[in-house]
Amino acid sequence: MDNSAEGYYKEAIRASFEYYELGDKADSYISNLKNNPFTGNNKEAMLEQIITQKWLAVFPNGNEAWAEFRRTDYPALLNIVENNSDGDVPDRKFIKRIKYPNSEGTNPNRPAGVYQGTRLWWDVADTNDDSGERNTPNNFRNETTVSGLIR
């Protein structure tokens with residue numbers, strides 16, 4: 001096996017095809033992938049391809065797929081035009097956390113102003129701007145940008 005990001009990427013696709021008993025179609029799938037990000041030096045493009053394939057593989061485990069999306073902002077999902085969260089998540093934004101149970105409403109240790117749309121401490125940049133336009137994530141940013149966010 002090729003010990004590069006591209007090599008691991010292709011092996012993961014083959015393993016997924018084998019797991020789901022899809023026969024020998026993996027190489028055909030790989031050869032028909034468009035816009036191979038591994039030909040350049042764009043780490044963000046590589047990560048997008050890797051996480052998109054991981055998201056497809058773990059999709060049956062919804063919690064894991066959601067965690068990967070929240071962690072990396074990949075895959076590039078369609079924007080929500082109007083949500084149904086009673087204002088807990090702003091329009092054109094994605095849900096960031098599970099809602100606290102009603103019994104937590106009186107807990108003095110519960111952070112104030114924390115809703116389903118409130119980013120977690122490690123979510124340092126919102127992929128969707130206020131108008132709902134998707135910005136390219138920056139998963140390789142400087143670590144100092146996490147200061148001052150709700151933990």
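Reader: Which residues does Asn135 touch, not counting residues up to four places away in sequence?
Author: In this predicted model, Asn135 belongs to the segment that follows helix 4 (62–72). Leaving aside residues up to four places away in sequence, the residues that Asn135 touches are Asp126, Thr127, Asn128 and Asp129.

Reader: What separation is found between the C-alpha atoms of Asn135 and Asp73?
Author: Along the chain, Asn135 and Asp73 are 62 residues apart. In space, their C-alpha atoms are separated by 9.8 Å.

Reader: Why does Asn135 count as partly exposed?
Author: A residue is called partly exposed when its relative accessible area falls between the buried limit of 20% and the exposed limit of 50%. Asn135 counts as partly exposed because its relative accessibility is 35%.

Reader: Which elements make up the secondary structure of the protein chain?
Author: From the N terminus on, the elements run α-α-α-α. The secondary structure therefore comes, with helices and strands taken as DSSP runs, to the following: 4 helices and 0 strands.

Reader: Which element gives the largest share of the largest nonpolar core?
Author: The largest nonpolar core has 7 residues, namely Tyr9, Ile13, Phe17, Ala26, Ile30, Phe38 and Met46. Two or more of these residues are given by each of helix 1 and helix 2. The largest share, 3 residues, is that of helix 1.

Reader: How many residues are in the other core that lies apart from it?
Author: This other core includes Trp55, Val58, Ala65 and Phe94. Its full count is 5 residues.

Reader: Which residues does Ala26 touch, not counting residues up to four places away in sequence?
Author: Ala26 is a member of the largest nonpolar core, as is Phe17. With residues up to four places away in sequence set aside, Ala26 touches Arg14 and Phe17.

Reader: Where is Leu22 placed, and what is its relative accessible area?
Author: Leu22 sits in the loop between helix 1 (5–19) and helix 2 (26–31). Leu22 is partly exposed, and its relative accessible area is 40%.

Reader: Which residues make the nonpolar surface patch of about 350 Å²?
Author: Patch members must have over 30% relative accessible area, and Leu22 has 40%. The patch of about 350 Å² is made by Tyr19, Tyr20 and Leu22.

Reader: What percentage of the residues in the protein chain is buried?
Author: The protein chain exposes about 10400 Å², and carbon and sulfur atoms supply 50% of that area. Among contacts with a separation of 6 or more, 50% join residues 24 or more positions apart. Of the 151 residues in the protein chain, the buried share is 27%.

Definitions and conventions. Residues are numbered from 1 along each chain as its sequence is written. This is a predicted model: local features need pLDDT of at least 70, side-chain atom pairs count only at pLDDT 80 or more; totals for chains, interfaces and linings use all residues. Side-chain values use heavy atoms; hydrogens and water are left out. Patches are made of residues with over 30% relative accessible area and no salt bridge: like charges are joined within 9 Å, nonpolar side chains (Val, Leu, Ile, Met, Phe, Trp, Tyr) within 5 Å. Accessible areas come from the Shrake-Rupley method with a 1.4 Å probe; for residues, only the protein chains shown count as cover. A salt bridge is a side-chain nitrogen of Lys or Arg within 4 Å of a carboxyl oxygen of Asp or Glu. Buried means under 20% relative accessible area, exposed over 50%, partly exposed in between (1.4 Å probe, protein chains only). Contact means heavy atoms within 4.5 Å. A nonpolar core is a set of buried Ala, Val, Leu, Ile, Met, Phe, Trp, Tyr and Cys residues joined through side-chain atoms within 4.5 Å.
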